[in-house]
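Hi there,

Here is the structure I said I would pass on. Have a look at it first, and then read my notes below.

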Amino acid sequence: MMMVARHNEEVSASQASHRRFVSGKRYNMMHDVEEAIVQHDPDVIMKVNEMIERLEHLYQQEQEGLDEFKPDVNAYNLLLNAHAKSNAKDAPQKAEQVLNNMISSETIQPNAVSYTEVIDAYARSKKTTAPKEAERVLFQLMNASANEVALHLPLKKLAPTSVTCNAVINAWAQQGTRDAAERAEGILDRMEQWTKNDGSLLMRPTAYSYSTVIYTWARSQDKDGPTRADALLERSLEMYKSFPNVEELKPTVLHFLECGHSRPQHP
């Protein structure tokens with residue numbers, strides 16, 4: 001009995017050691033890719049794909065099929081991030097294709113970060129259609145999140161965040177039209193409504209949310225711009241009163257400056 005027990009202990013120790021080795025190897029592979037993204041390596045997308053293929057190969061090789069090697073959503077989010085930061089003309093389309101593949105996959109399901117990376121890819125695009133495309137992906141995420149809630153799933157992996165929404169608001173801010181200001185404010189409305197109804201703080205607007213929408217109205221040079229900007233400033237102050245200890249909600253001088261810029265400039 002003692003020999004069996006000792007043997008079992010040795011096997012457990014060996015397995016634990018192997019898992020640590022595997023985890024370390026996976027960490028190094030992902031770290032190298034992250035560094036390549038930061039350094040704007042022109043071959044980074046190829047390197048991420050090679051990493052995913054390598055992980056899949058190692059996972060298949062392992063007799064136990066160790067999950068540490070299995071490509072997960074974090075690995076694919078790195079691929080999405082690489083596309084978003086590549087500045088390639090077709091980067092948004094390539095990123096969205098990866099996202100769609102994840103959605104239809106039986107093994108890899110996207111999370112909110114996955115959608116945010118695609119939104120960021122569109123937001124970085126210089127095309128005039130970029131804000132609409134970014135908004136479309138945001139609404140797709142919101143619908144997926146609503147379904148997640150309806151199914152009473154314990155993990156809200158698809159819950160949108162203020163970061164996701166702010167990326168779309170910022171994309172509209174670059175347009176300089178009344179329609180862009182309306183669309184940006186519409187997203188802000190949803191953020192406020194979601195915070196009020198759902199009780200979740202993930203989509204709670206930030207000071208940046210308000211100042212960017214105010215800026216969008218200022219850029220529009222619309223006759224209603226000053227009125228809309230003032231109303232947004234009031235909403236920002238009201239939100240901060242509701243959460244007085246949240247620093248990221250504290251209005252800054254930028255809010256007031258943008259309200260001033262929204263007024264017609266006289267010589």
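**Around helix α8**

The buried residues of α8 pack against four other helices: α6 (130-150), α7 (162-173), α9 and α10. That's a good place to start, but keep in mind that you're looking at a predicted model. The pLDDT, which is the predictor's confidence, averages 83 over the protein, and 80% of the residues score at least 70. Confidence peaks in helix α4 (residues 91-104), with a mean of 96, and it is lowest in helix α11 (residues 253-261), with a mean of 58.

**The overall picture**

If you go hunting for strands, you'll find zero, against eleven helices. Walking along the sequence, you just meet one α after another: α-α-α-α-α-α-α-α-α-α-α. The protein has 267 residues, and 43% of them count as buried. Now take the contacts with a separation of 6 or more: 66% of those are between residues 24 or more positions apart.

**Back to α8**

This helix has 21 residues and spans 30 Å from its first C-alpha to its last, close to the 30 Å expected at 1.5 Å a residue. Which of its residues are buried? They are A180, A181, A184, E185, I187, L188, M191, E192 and T195. Seen down the helix axis, these buried residues fall within an arc of 150°, so they line one face of α8. On the other side, K196 and N197 are exposed. If that pattern looks odd in the sequence, here is a handy rule: an α-helix has 3.6 residues a turn, so residues three or four places apart point the same way.

I187 is worth clicking on. Leaving out neighbours within four places in sequence, I187 is in contact with E135, L138, C165, V168, I169 and W172. It also shows up in the largest nonpolar core, which has 56 residues: V48, M51 and I187 touch the most other members. Which helix gives the most to this core? That would be helix α3 (residues 73-84), with seven residues. As background, nonpolar side chains tend to be buried together in soluble globular proteins.

**Charged pairs between α8 and α10**

The count of salt bridges comes to 18. The general idea is that side chains of opposite charge can pair when their charged atoms come close. Here are three to look up.

Begin with R228 and E182, whose side chains meet in a salt bridge at 3.1 Å, N to O. R228 sits in helix α10 (residues 225-242) and E182 in helix α8 (residues 178-198), so this pair ties together parts that are 46 residues apart in sequence. Are these two buried or exposed? R228 is partly exposed, with a relative accessible area of 22%, and E182 is partly exposed too, at 30%.

R228 has another partner, E185, with a salt bridge of 3.2 Å, N to O. Again R228 lies in α10 and E185 in α8, so the pair ties together parts 43 residues apart in sequence. E185 counts as buried, at 8% relative accessibility.

Then there's R235 with D189, a salt bridge of 2.7 Å, N to O. R235 is in α10 and D189 in α8, so parts that are 46 residues apart in sequence are tied together here as well. R235 is partly exposed at 21% relative accessibility, and D189 is partly exposed at 35%. Salt bridges that share partners join R178, E182, E185, D189, E192, D222, K223, D224, R228 and R235 into one network.

**A look at α9**

Helix α9 has 14 residues and reaches 20 Å from first C-alpha to last, close to the 20 Å expected at 1.5 Å a residue. How many of its residues are buried? Eleven of the 14 are, so to speak, under cover. The buried ones are A207, S209, Y210, S211, T212, V213, I214, T216, W217, A218 and S220.

S220 belongs to helix α9 (residues 207-220) and counts as buried at 13% relative accessibility. Leaving out neighbours within four places in sequence, S220 is in contact with G176, T177 and R178. Just after α9, Q221 takes a positive phi of about 55°.

Cheers

Methods
Residues numbered from 1 in each chain as written. Heavy atoms only, no water. pLDDT = per-residue confidence, 0-100. Helix = DSSP H or I, 4+ residues; strand = E, 2+ residues; numbered from the N terminus. Salt bridge = Lys/Arg side-chain N within 4 Å of Asp/Glu carboxyl O. Buried < 20%, exposed > 50% of the residue type's maximum accessible area, 1.4 Å probe, protein only. Core = buried A, V, L, I, M, F, W, Y, C linked by side-chain atoms within 4.5 Å. Contact = heavy atoms within 4.5 Å. Expected span 1.5 Å × (residues − 1). Arc of directions from axis to C-beta.
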